[in-house]
Amino acid sequence: MTRIVVATLAVAALAGLLFTLNRIDDIALDVAASPDKLPRYTLTQADLTRYDAAGQPSMKATAATLEYFDDESATATTLVVDVLSGPKTPWHIEAPAGNLRAGSREIELTGEVVAHGQWPDNGEALVMRSPSMIVNPDTHVLHTAAVVDVDSRTRKGTAIGMDANWEKQDLRLLNNVKMRYEVTR
């Protein structure tokens, strides 16, 4: 009788152990990030300046945090970019996040991107809002393919896509442009 009880307990324990081992594969385990995904270094309150061929500042940026990775990519939070080159008022762009892909000089801004600039035809101050925007320092272009809301004292509009060349003082709203002009006295 004792042998039957011991054998039954052993079989039950073995079944429980096999059931537990089988369930381990079904459990989602949190795996730590691989070392190549961790930043090489992180900067806080970073100030960055890019210079032109003549040695003059052409772009300045600040970031609350900047993480630089081994593949030479970088991410930033609370990014503010001031484009300084050009004969008129510079562009001032703010975004919650920014990315610099490996091997690229373009800065991709994401989140609620807000750009302050001016209309090229009359110099009137404007504010543009878009969920994303790319700053290309080589071609001097701000670009987005996303929805853009434009607001100024005499004009309010929307478009899908925008290109602004800060060196040539050119602004083009690309598709589905809707503009409302307001008379000022």
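A pocket is an open set of grid points with protein on both sides within 12 Å along at least five of seven lines. The legends below describe a predicted model.

**Figure 1. The whole chain contains one helix and nine strands.** Along the sequence, the elements follow the pattern α-β-β-β-β-β-β-β-β-β, with the helix ahead of the strands. The chain has 185 residues, and 30% of them are buried. About 11,800 Å² of the chain is exposed, and carbon and sulfur atoms supply 57% of that area. Among contacts with a separation of 6 or more, 37% are between residues 24 or more positions apart.

**Figure 2. Nine strands form an open, antiparallel sheet.** The strands lie in the order 1-2-3-4-5-6-7-8-9. The edges of the sheet are strand 1 (41-51) and strand 9 (170-181), and each of these pairs on one side only. On average, neighbouring strands are turned by 15° against each other, direction ignored. Strands of a sheet pair through backbone hydrogen bonds, and the pairing can be parallel or antiparallel.

**Figure 3. Strand 7 and strand 8 run antiparallel.** Strand 7 covers residues 141-152 and strand 8 covers residues 155-165. How many bridges join strand 7 to strand 8? Nine bridges join these two strands. V141 has N165 of strand 8 opposite it.

**Figure 4. The largest pocket holds about 340 Å³ of space.** Its lining consists of 18 residues. Which residues lie nearest the centre of the largest pocket? They are L48, R50, L66, L100 and I107. Strand 1, strand 2 (57-68), strand 3 (74-83) and strand 4 (91-100) each give two or more residues to the lining.

**Figure 5. The whole structure has one cavity of 30 Å³ or more.** Rolling a probe the size of a water molecule over the atoms shows where empty space is left. In a cavity, a 1.4 Å probe fits but cannot get out, whereas a pocket is open. The largest cavity holds about 50 Å³ of space. Which residues line the largest cavity? The lining is made up of W91, Q118, P120, N165, W166, Q169, D170 and L171. One of these lining residues, N165, is also the residue of strand 8 that stands opposite V141.

Methods
Residues are numbered from 1 along each chain as its sequence is written. This is a predicted model: local features need pLDDT of at least 70, side-chain atom pairs count only at pLDDT 80 or more; totals for chains, interfaces and linings use all residues. Side-chain values use heavy atoms; hydrogens and water are left out. Helices (H or I, at least four residues) and strands (E, at least two) are DSSP runs, numbered from the N terminus. Buried means under 20% relative accessible area, exposed over 50%, partly exposed in between (1.4 Å probe, protein chains only). Contact means heavy atoms within 4.5 Å. Accessible areas come from the Shrake-Rupley method with a 1.4 Å probe; for residues, only the protein chains shown count as cover. Two strands pair if DSSP finds at least two bridges between them. Axes are lines fitted to C-alpha atoms, for helices over the stretch in contact, and angles run from 0 to 180 degrees between N-to-C directions. On a 1 Å grid over the protein atoms alone, a cavity is a set of points where a 1.4 Å probe fits but cannot get out, and a pocket is an open set with protein on both sides within 12 Å along at least five of seven lines; lining residues have an atom within 4 Å of a point. Grid points are joined across faces, edges and corners, and a volume is the space filled by probe spheres set on the points.
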